[in-house]
Amino acid sequence: GEMELVEVAGAKSFTLYEQRVDRSDLPNPWRDSIQATARLPFRSSITMEGWDQEVAGENITDTAGKLIKREPGWVDTLTGDGQTLDEYAAETSEDSLFEGIVYSFVDNDPRTFASPADRKAVNAQPRVTKFRRRHVRRITIEIRFGVPRLLQVVLVQPIIEIDVKNPNAWMDTAIDARKVITAGNPDAERGSEERKVRTQMYRQDVRGRWYEIPSLRSTIEPDDPAQELLEIPLVPHYTKRIGPWRGECPFLDTAWTEAAIWNHNSEIGNLAREASIMHVHESGIQRDEKTGRPVLPDTRNARYHGSSDPQARMTLLEVKGDALRSIRELVEWKIRLIEKAHNQIQTEKPTGPVTAREITLEGVRASSALEMWVIFQERAWKRILDYMILLGGFSKSGIVTIPHDFGLPSAGMARRSSTAAMRENTSACM
């Protein structure tokens, strides 16, 4: 098939957002707006239906519905370090809003087991690792019958080494390394090594040449030998999709608006700022022999006005409270305007040509860009669990949902059950 090499935009040391912050002296309602948006969907826990108990866990309740205890499942230790699906989903949602896309990679437990039975005996499970845009160095896509297939991905994954021979060593050494994941060949004979997804680790020598570490080569395969994995278990979390495996932060559209609002009425801001700065007028004050500046108490950002008039006296003009208040009100007013411009994205109709079309084709209508983003997050979480049950040898798949009532106009609110609506109406009448 046709091969396409995709260099991931923004995969350098910083994202566009971080570069903007580094060279900007503007206030930062950008971050506050994104964090507030990311919190909106998580008013309650993620709901999972139809999954095996080993995957989804189980809540044990009494007759009144009160939680007694939680029987943990794979979703309670999704990343292998105690992070739950709810925590991981909230984290990836916020990161994807900043950069437009982040990636979740599903892999087997890194330990080696003689058999799937030995793996289950110690409750080993597939694990999920998050990769941000700058961690992805290259993506290779194969077009087969008009459908893009992820063929290979190169990720930055440092190797941590500890000098155990040095008793005075107190810091681990991170070695720059690359993880190369290659999809299996679907045309190869079933059961052959060529059909399996393989991972390889590479590092650089002193001359800068990359070489593979053979001991770290592995394959990703299901515990059930009757099942096969022919694609790389990498899941994208989109917020504004601009193409397969590529996304863009939706808030980039308001960056120029933030700068324009902040610079608006700059003369008024300068006058208020001038009024808030302490002024010093003096004559006859002792000067420093080296610098020639007056020897004064610490006046912070005070401005100094010298005078040669022998009748002049030193006068300190203190900062006026009303001047400080005017600056604060001006800043708060502008920040409110900026946040309003940012949050307008939440209620706008989805405009992404790819995402909006895909949602419509599947019969799911998003009333706002925020709901469209949440629908794609739900699909990403389900895809993660689908990969986990495949690698774990399970075959039963379920659904993953969260409420779509964000306090904004939402088609998701109309999809709620009539029982829930009736309960709300009854409680309102009471």
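The paragraphs below go from the whole chain to a three-stranded sheet with its helices, then to a hairpin and a single glutamine.

This is a predicted model, with a mean pLDDT of 75 for the protein and 69% of its residues at 70 or more. Over residues 1-14 the pLDDT is below 50, although this stretch has 40 contacts in the model beyond near neighbours in sequence. Residues 409-430 also have a pLDDT below 50, and here the contacts beyond near neighbours in sequence number 18.

The secondary structure comprises 12 helices and 21 strands. Of the protein's 430 residues, 38% count as buried. Among contacts with a separation of 6 or more, 63% are between residues 24 or more positions apart.

One part of the fold is an open sheet of 3 strands, in the order β6-β5-β15 and with antiparallel pairing. Its edges are formed by β6 (127-131) and β15 (234-238), each of which pairs on one side only. From one strand to the next, the twist averages 25°. Strand β5 (residues 101-107) runs antiparallel to β15 and is joined to that strand by 5 bridges. One residue pair can be named here: I101 has Y238 in β15 as its bridge partner.

Two helices can be placed against this sheet. Helix α4 packs on the sheet and touches β5, β6 and β15, its direction making about 140° with that of β5. Helix α10 (residues 369-392) likewise packs on the sheet with contacts to β5, β6 and β15, and its direction makes about 170° with that of β15.

Helix α4 can be followed in further detail. Does its length match or depart from the span expected at 1.5 Å a residue? The 15 residues of α4 (residues 85-99) should span 21 Å, and the end C-alpha atoms are 21 Å apart, so the two values agree. The buried residues of α4 are L85, Y88, A89, T92, S93, D95, S96, L97, F98 and E99. In an α-helix there are 3.6 residues a turn, so residues three or four places apart point the same way. The list of buried positions in α4 includes L85, Y88, A89 and T92, and also D95, S96 and E99. Just after α4 comes G100, which takes a positive phi of about 90°.

Elsewhere in the chain there is a hairpin made by β3 and β4, with 5 residues between the two strands. Strand β3 (residues 58-61) pairs with strand β4 (residues 67-71) in the antiparallel sense, over 4 bridges. Within this pairing, N59 stands opposite R70 in β4. In the turn, G65 has a positive phi of about 85°.

The last stop is Q200, which lies in strand β12 (residues 197-204). Is Q200 buried or exposed? Its relative accessibility is 7%, and because the cut-off for buried is under 20%, Q200 counts as buried. The side chain of Q200 makes a polar contact of 3.3 Å with that of R198. Another polar contact, also of 3.3 Å, joins the side chains of Q200 and Y202. Which residues does Q200 contact once its neighbours within four places in sequence are left aside? They are R178, K179, V180, T182, E212 and R217.

Technical notes. Residues numbered from 1 in each chain as written. Predicted model: local features only at pLDDT ≥ 70, side-chain atom pairs only at ≥ 80, totals over all residues. Heavy atoms only, no water. pLDDT = per-residue confidence, 0-100. Contact = heavy atoms within 4.5 Å. Buried < 20%, exposed > 50% of the residue type's maximum accessible area, 1.4 Å probe, protein only. Polar contact = N/O pair within 3.5 Å; in protein donor to acceptor, adjacent residues only side chain to side chain. Expected span 1.5 Å × (residues − 1). Pairing = 2+ DSSP bridges. Axes fitted to C-alpha atoms, helices over the stretch in contact; angles between N-to-C directions.
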